[in-house]
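Visitor: I should like to understand how the descriptive words applied to a protein model are justified. Would you take me through some of them?

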Amino acid sequence: MEKYYMEFRKYALLYLVVITTCLIACKKNWLEVKSDKKLTVPISLNDFQGLLDNVSAMNQQFPNLGEVASDGHYVTDISYQNTTKNATSDGYVWSKTVLHNTVTDWNTSYSKILIDNIVLDGLNKLTLTDNADKEQWSNIKGQALFHRARIFFELAQIYSPPYNSSTADRDIGIVLRLSSDIKSVSKRSTVKDTYEQILKDLNEAKNLLPIRPLVLTRGSSSAVDALLARAYLSMEDYDNSFKAADNCLKQYSSLLDYNEVLASANFIGRYNKEVLFHTNFVASFITTNCLVDRNLFDAYLSNDLRKTRFYRQNANNTISFKGAYESLTNQQFNGLSTDEIYLTRSECYARAGKTAEAMKDLNDLMIKRWDKNVPYPTITATSADDALVKILEERKKELILRGVRWMDLRRLNKDPRYAVTLKRTVLGVEYTLEPNSYRYTFPIPDDIIQQTGIQQNPGWP
């Protein structure tokens with residue numbers, strides 16, 4: 001990994017060169033900029049903010065292997081046959097048939113982590129006297145900590161097993177890079193250490209960030225709470241997940257009324273009022289060519305606006321997804337948004353036995369998805385367990401292709417009431433993914449193991 005980390009460091013510094021070039025393009029030509037070695041080293045608060053504001057490096061190309069492997073969508077045999085066989089195609093069939101080298105999910109993630117660490121290490125070297133600089137310093141540090149926690153969490157969902165409080169101190173977690181020093185040895189942490197670091201970064205970041213950011217590609221305290229709610233949910237810590245979700249919605253709770261979204265639109269709306277933090281995940285043959293399962297499409301009631309805002313019925317009777325909070329056709333939104341947080345708080349209410357509160361949160365969200373010209377059929381529940389079933393159903397329908405389903409499958413499979421067996425038939429071969437299978441954790445890329453000697457995940461060759 002040291003090899004890759006060194007390469008990533010060069011890329012991160014190159015980003016700063018590009019940013020600086022844009023700022024002084026009117027004064028110097030490219031050759032002069034390139035020859036000024038000082039420009040390759042971030043030394044000021046504006047330099048560090050520039051690194052974090054590079055959207056293509058920090059907010060795009062998030063891991064997508066979990067979404068590739070999830071249910072609710074599929075690709076045709078022709079699409080699968082025509083794609084390059086690699087970690088992504090193997091992820092779709094929950095197998096390992098080829099060497100996994102130069103895996104985008106891994107490489108882009110640790111590139112982001114390197115940039116965060118360059119910023120954090122650089123901030124610690126600055127001496128500040130002006131109060132305005134101190135405020136900016138705190139904001140930038142909060143952003144970097146939030147970014148790093150987000151990537152650590154995404155990596156944990158695909159490269160370490162689901163969180164289990166009874167085994168977390170023994171289960172193998174991810175590689176936690178906490179420094180930009182390329183000489184530091186890469187080693188895998190435990191799952192317990194992984195989640196403790198995520199929570200530590202987030203709790204520190206929360207006190208450094210504003211409630212709402214200047215732009216939605218930067219972190220904020222409301223986004224921190226949203227990610228804390230998601231992280232605690234994955235850990236089955238429903239009390240803390242509720243507290244974080246509740247804090248988030250007390251700070252910012254706006255929902256988008258889908259009556260205001262045209263049925264003919266090709267996406268819901270980038271940076272819309274629900275977005276707390278905007279990111280998207282890696283384009284792959286799944287995210288660009290996938291079709292939606294007919295059973296999922298049919299689960300929406302006829303006056304549920306998601307049926308026309310999320311989906312397009314094709315001439316051959318297949319269903320395509322068009323409901324991303326993203327305008328790029330080859331990317332899918334996987335950021336943080338208030339609709340997810342309403343569902344999270346609703347679930348936590350139900351798990352705490354608070355049926356009425358759970359249903360209120362669910363209905364507050366669902367009425368924004370209902371045709372205003374038709375009376376809204378209020379969702380009711382006979383018990384907290386009944387409420388939980390309804391909430392989880394809506395969670396799957398609301399967060400389709402948002403990078404959340406894989407996390408949900410992993411955590412819900414531990415409860416026999418909600419465990420599912422996934423099946424796919426590809427080119428005449430049936431593939432099956434059983435609940436709690438070791439294949440819910442993806443194999444570490446082969447080139448990374450060769451380079452670093454870190455341990456492969458159990459079950460994989």
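Guide: Let us begin with a pair of helices in this predicted model. L45, F48, L51 and L52 in α3 meet I115, D116, I118, V119, G122 and L123 in α8. By class, the residues of this contact divide into 8 nonpolar, 1 polar and 1 charged.

Visitor: What makes D116 the charged residue and G122 the polar one in the contact of α3 with α8?

Guide: Asp belongs to the charged class, whereas Gly is placed among the polar residues. D116 and G122 both lie on the α8 side of the contact.

Visitor: Why are α3 and α8 called roughly antiparallel?

Guide: The axes of α3 (residues 45–52) and α8 (residues 104–123) cross at roughly 165°. Angles over 145 degrees count as roughly antiparallel, and α3 and α8 are therefore given that description. Their axes come within 10 Å, and α3 passes α8 in a left-handed crossing.

Visitor: Why are α9 and α19 called oblique to each other?

Guide: Helix α9 (residues 131–159) and helix α19 (residues 405–412) pack at an angle of about 55°. Roughly parallel requires an angle under 35 degrees, and roughly perpendicular requires 65 to 115. The angle of about 55° fits neither range, so α9 and α19 are oblique. Their axes are 10 Å apart, and the crossing of α9 past α19 is left-handed.

Visitor: Which residues bring α9 and α19 together?

Guide: From α9 come F153, A156, Q157 and I158, and they meet W406, M407 and R410 of α19. This contact has 5 nonpolar, 1 polar and 1 charged residues.

Visitor: How do you know that C248 is in no disulfide?

Guide: A disulfide needs two cysteine sulfur atoms within 2.5 Å. For C248, the nearest cysteine sulfur is that of C348, 12 Å away. That distance exceeds the cut-off, so C248 is in no disulfide. C348 is likewise in no disulfide, its nearest cysteine sulfur being that of C248. A search of the whole structure finds 0 disulfides.

Visitor: Are these two cysteines buried or exposed, and what makes them so?

Guide: Buried means a relative accessible area under 20%. C248 has 0% and is therefore buried. C348 has 4%, so C348 is buried as well.

Visitor: Why does Y163 count as buried?

Guide: The relative accessibility of Y163 is 14%, which is under 20%, so Y163 counts as buried. Y163 is found in the loop between α9 and β2 (172–175). Beyond its neighbours up to four places away in sequence, Y163 touches A168, V191, Y195, S234, M235, E236 and K414.

Visitor: What can be said of E236, one of the residues that Y163 touches?

Guide: E236 lies in the loop between α11 (221–234) and α12 (238–251). Its relative accessibility is 34%, which falls between 20% and 50%, so E236 counts as partly exposed. E236 also has a positive phi of about 60° although it is not a glycine.

Visitor: Where is T102, and why does T102 count as exposed?

Guide: T102 is placed in the loop between α7 (87–92) and α8. Exposed means over 50%, and T102 is at 56%, so T102 counts as exposed. The phi of T102 is near 50°, a positive value in a residue other than glycine.

Visitor: Why is Y431 called partly exposed?

Guide: Y431 has a relative accessible area of 23%, which is neither under 20% nor over 50%, so Y431 is partly exposed. Y431 is found in strand β12 (residues 429–433). The C-alpha atoms of Y431 and V93 are separated by 6.1 Å, although these residues are 338 residues apart along the chain.

Visitor: How do you know that Y431 is in contact with V93?

Guide: Contact requires heavy atoms within 4.5 Å. V93 is among the residues that Y431 touches, together with W94, S95, L422, K423, R424 and V426; residues up to four places away in sequence are not counted.

Visitor: Finally, what makes D201 a buried residue?

Guide: D201 has 1% relative accessibility, which is under 20%, so D201 counts as buried. D201 is found in helix α10 (residues 191–206). Leaving aside neighbours within four places in sequence, D201 is in contact with L145, R148, A149 and F152.

Terms used. Residues are numbered from 1 along each chain as its sequence is written. This is a predicted model: local features need pLDDT of at least 70, side-chain atom pairs count only at pLDDT 80 or more; totals for chains, interfaces and linings use all residues. Side-chain values use heavy atoms; hydrogens and water are left out. Axes are lines fitted to C-alpha atoms, for helices over the stretch in contact, and angles run from 0 to 180 degrees between N-to-C directions. Helices (H or I, at least four residues) and strands (E, at least two) are DSSP runs, numbered from the N terminus. A crossing is left-handed if the near helix is turned anticlockwise from the far one by less than a right angle, and right-handed if clockwise. Buried means under 20% relative accessible area, exposed over 50%, partly exposed in between (1.4 Å probe, protein chains only).
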